[in-house]
Amino acid sequence: MARYNARETEAKWQAAWHEARTFEVTEDTSRPKYYVMEMFPYPSGRLHIGHLRNYTLGDVVARFRRSQGFNVLHPIGWDAFGLPAENAAIQNKVHPAKWTYENIATMGSQLKLMGLSYDWSREIATCSPDYYRHEQKMFLDFLKAGLVYRKTSMVNWDPVEQTVLANEQVIDGRGWRSGAPVEKRELAQWFLKITAFADELIDDLTQLERWPERVRLMQENWIGRSEGLEFTFDVVDAPEGLPKTIDVFTTRPDTLFGAAFCAISADHPIARGLSATDAGLAAFRAECAAMGTSEAAIEQAEKKGYFTGLYVNHPFDASRKLPVWAANFVLMDYGTGAIFGCPAHDQRDLDFARKYDLPVVPVVVPEGSDAASFTVATEAYVGPGKLANSEFLNGLGVDEGKRAAIARMEEMNRGKGTINYRLRDWGVSRQRYWGCPIPVVHCPDCGIVPVPEDQLPIELPDNVSFDKPGNPLEHHASWKHTNCPTCGKAATRETDTFDTFMESSWYFLRYTDASNDKLAFDKAKAEYWMPVDQYIGGIEHAVLHLLYSRFFTRALRACGYVDATEPFAGLLTQGMVVHETYKDSAGQWLYPEEVQHGDGGALTKIADGSAVTRGRIEKMSKSKKNVIGLEEVVTSYGADTARLLLLSDSPPDRDLEWSDSGIEGSWRYVNRLFRLVTEPVVVLPAAGTPVPAELSPAAAKARAAIHRTIAAVTQQFDQIQCNKAVAALRELTNQLSELDGSGVGEAWVLREGAEALIKLSAPMMPHLADEMWQALGNSGFVVDVPWPVADAALTVEDSVTIAVQVNGKLRATLEMARDIAREDAEKAALAEPLVQRAIGEGTVRKVIVVPNKIVNIVAN
Ligand code: ANZ
Ligand code: ZN
C-alpha cells in the first residue's frame, strides 16, 4: 500500500501554484467578485498551529468561491506597528524594524507552508512608508473635513507602557496589554470624530445580516445611544464664584417627582470649587481619583457620596429642595457629569439613598398594584406601570410620561430632549516610536501647521535609542527639529505617533490596489472589490477594530475616497484552538513534546521520568506551553492533514481541541482517501466517459450518495460549516469503499465518486486534491475546475423511514421505497415479525397508510 508522501507532494504543488501565479488576481467585470480576508497577523515571532485556524477557514472560502466561478481576492499582510517591537528593542537591543521584518519573513514562510491561496503580490506591511504615507494623507484630509481635532483632555495613562490608552484599551481599569492600573493625566491629543457617525454606526448594524448577532449587540452597546432629557437645576444661594446652575442628563424624565437628590461627579466644577474650602470633600475627591476609571470598576465599587451642603430647586415644584451630593458613580465625561437620583426606580440611586438615608418615593406603580400601598424596599422597580405621586404626570404610562415631562421642560425653557452616546471620540495620539508619525508641525508663531502633502511621507528616523523611558522621538537629536512649512521659522515636529488601530482601519482598502504609489488606492478598484464579502477573525476585535474600520470607511467616504459604507458584509468570529496543558512536579508548565503518554494514561516527563499532571484544556498559548509547532506537524503529516483537523469536529465559531489522536485520525483519512482514488478496486473508465445505461443497485445507491454529498457540502461551504463538510466527505468515502466494483456500472460510479471527492475536498486539502486529480489523468489545478453541481433527480432520498403502529402503539420502523404503493406498505408492515407479535391472536380490522410516514394497524 502506498503511503501518501505529503512533504514532497505539497512542496511540488506549492511550487506549481506559485509558478503559474494561480492566485494573483485583477479586476474582471465579466465575473462576479468575491473578497475574502482574514484579520492580518501581528508579526510577533512564530506561528503555532493554533494561529492557523482562521487562515485555513478563509482559504476554504477562497478556494470554494473561486471554483464556483467568482473572481476571488484573498490577500494577506502584516499589522506591523506596535509595542512588542519596541519592547523587544528595549530588552534585546534590536531595532524594531529589524525585529518586525525578520518576524514577517519567518511567519510568511510558515504561512506558505500551509498552501494558503493568497495573492502574495498584494502583501503589505503597515510599518512601511509606502503604506503609512497614505494614512498621513488621510489624516490631513480628515483634518480638512473637520473630522479631526486636538483637545486637552483627561486621558488614560498606562504607567508601564508610558502611553495613552483609548477607553477601549482599558479593561477593568487596567491597560489591555500591560495589565497595569491605569492613571488619569491631562494631555493635548489628536481625536478622530467617530461620534459624528454614532447614529449611522448604530443604525446600519441592521444591514449586517451576515454578522454574528452578538457582535452587533456589542457594538450597539458600545456606542450606547440613550434618548432622554437634559435640564437645568437652579442652585439655592449658590456660593460666590461657583456655577449657579447644574445641568443633568436623564433617560427617565418621567420619574422626576421621585427625585430625592442631585449628584455631581467628583470632577464637576462645583465639587472642584467647593473642595478648596472643604477638606472632607477634597479627601473624597482624592478617593474617587484613585478608583478605577472604567465603567466596570465604577459599577463594582461601593456607591459612596459626600454632601456638598448645597441644595437645588425641584424644577416642577419650587417648594421642594434637593440636596446636592458628590458621588463616586457619576462620571464627568458622560452626559453632563451630574444627575438627579430617583431611588425607587434606579438600583444605584436606591443603594445610595439607603446608605445616606434619603427618601424613597415610588412614582411608577406596576399594573395590579395600588399607588397608596406600593413600596420599594431593597430592589428598585424598573419595569412598566402608571405614574403616581407625580402631579401633572399622574396616570400616564412610562413612555407617555417621558414625553410629557420633556414637553413641559421645553415649554419652561429649562431643558430639552437629547440623545447621549457612550461612545467617545477616538484619541489617536500615542507617545511611541514604532508607529505612523502624525504629520503636523508645531510652530511658535503659526501654531499647529499640517505638513504639506508634497512633503509626505514623514518617515520615522532609523537611528533611535531606547535607553530612556518614554518616546524615543522626543529624545532624538535632530528628527523633531524642522522649519515651519508656513513661515519657515524653526519649529518642531509632532513626536506622537498614531494608535496602531489606525493602520488596521483601512488595510482592506489598500489590498484592493496594494502597489499604487500615488494614491492609497484607486477608487474604481476599491469599488470593484468592496465590500469584503467574508471577513474572518477573533471575537476580541468585536468592538475596537471592527468599529474603527466601519468609522474609517465612512470618514474616507466623506473625503471622496470611496462610495462604500460598510467594509465587511460578512463576518465570522472563529473559535480558539485548545490543547491539554501539562505541569511537572515543581508546578512548571511543560511543552507537549516534553511529556510521555504511558499506557493507562499515566504521564511522565521524558527528561527524567518524573510524574506529570494533566492540566485543563486551554487556548494554545506560549505562556502555558500547550502549543504545537506548525513545522513539526507539517513535516510529519503535511499541511493538508493539519488543515483537515483544524476544520473538523467543531463548528468554526466554537473552540476546537487539537490532540494527537485527532491528527492521527486526520492522517489516516488522508491516506484512505488517497488510496481509494489512486488504487481503485477496478480499472476506472477514462475521464469523460458517458453514464452507462444500466447501473447495478449498489452502483445506483452509491451514485445517489455522491450527488447528495455534492448538494450537502456545497451548502455547508456556503455557510462555512466545514466540520459538517468533513463529516459528509468521510461518509461518502466509506460508502464508496464498500463498492467492490464487480457490478454493472460500478467502475463508472467509482470514477464519478472519486472526482466528486477530489473537488469537494480541494478547498480543505488542496495539495492532496491536485495530486489525486493528476493521478486520475487530468491536468491543471482543481481550483480551476468548476465546482460540481448535484443532479437534482438523484439527490431525492429514495427511501423513507415509516413507523408502524398497532392500536396506536409504535411497534416497528421500516425502511421503504419513497412513494411506495399503499398495498405494498401495508404488506411490508404486516410481514414484520415485531408487528405480527403485537397483533398476536387478534384479527386485523383496519389498516390506515399515511404515505411516506406511518402505517396504522387496528387489530383485536
Ligand atoms: C434619573 C433616573 C431615574 C435615571 C431613574 C435612571 C433611572 P444611560 O442609559 O446609560 O444613558 N446618568 C446620567 N449621567 C450620568 C453620569 N455622568 N454618570 C453616571 N450616571 C449618569 O443612563 C442614563 C442614566 O444614567 C440617567 O438617567 C442618569 O440617571 C444616569 F429611575 O436620571 B437617570
Ligand atoms: Zn510658522
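What share of the 860 residues in the protein is buried? In this predicted model, buried residues make up 53% of them, and that is a useful figure to keep in mind while the whole chain is still displayed.

**The whole protein**

Begin with the cartoon view, in which 26 helices and 37 strands can be traced. If you orient the view along the principal axes, the C-alpha atoms fill a box of roughly 105 × 85 × 65 Å. Switching to a surface representation brings up about 37,600 Å² of exposed area, 50% of which is supplied by carbon and sulfur atoms. Should you display contacts between residues at least 6 apart in sequence, 72% of these join residues at least 24 apart.

**The largest cavity**

Turn next to the enclosed spaces, of which the structure holds three with a volume of 30 Å³ or more. The largest cavity has a volume of about 180 Å³; to centre on it, select Leu83, Arg430, Arg432, Asp499 and Thr500, which are the closest to its centre among the 18 residues of the lining. Then colour helix H3 (83-92), strand E6 (163-165) and strand E25 (497-498), since these are the elements that each give two or more residues to this lining. Strand E6 provides the largest share, with three residues. Colouring the lining of the largest cavity by class gives an even division into six nonpolar, six polar and six charged residues.

**The second largest cavity**

Now select Trp17, Arg63, Ser67, Ala762, Pro763, Pro766, Ala769, Asp770, Val782 and Val783, the residues that line the second largest cavity, where about 70 Å³ of space lies. Two helices give two or more residues to this lining, namely H2 (53-67) and H23 (766-775), and the largest share, three residues, comes from H23. By class, the lining of the second largest cavity consists of seven nonpolar residues, one polar residue and two charged residues.

**The second largest pocket**

Finally, move to the second largest pocket, which holds about 760 Å³ of space. Which residues should be selected to find the centre of the second largest pocket? Of the 25 residues in its lining, Thr251, Tyr334, Ile339, Asp346 and Arg348 are the closest to that centre. Strand E11 (245-250), helix H10 (295-300), strand E15 (338-341) and helix H11 (347-356) are the elements that give two or more residues to this lining. With the class colouring kept on, the lining of the second largest pocket shows ten nonpolar, eight polar and seven charged residues.

Terms used: Residues are numbered from 1 along each chain as its sequence is written. Chains are lettered from A and ligands numbered from 1 in the order in which they are written. This is a predicted model: local features need pLDDT of at least 70, side-chain atom pairs count only at pLDDT 80 or more; totals for chains, interfaces and linings use all residues. Side-chain values use heavy atoms; hydrogens and water are left out. On a 1 Å grid over the protein atoms alone, a cavity is a set of points where a 1.4 Å probe fits but cannot get out, and a pocket is an open set with protein on both sides within 12 Å along at least five of seven lines; lining residues have an atom within 4 Å of a point. Grid points are joined across faces, edges and corners, and a volume is the space filled by probe spheres set on the points. Helices (H or I, at least four residues) and strands (E, at least two) are DSSP runs, numbered from the N terminus. Ala, Val, Leu, Ile, Met, Phe, Trp, Tyr, Cys and Pro count as nonpolar, Asp, Glu, Lys and Arg as charged, and the others, Gly among them, as polar. Buried means under 20% relative accessible area, exposed over 50%, partly exposed in between (1.4 Å probe, protein chains only). Contact means heavy atoms within 4.5 Å. Accessible areas come from the Shrake-Rupley method with a 1.4 Å probe; for residues, only the protein chains shown count as cover.
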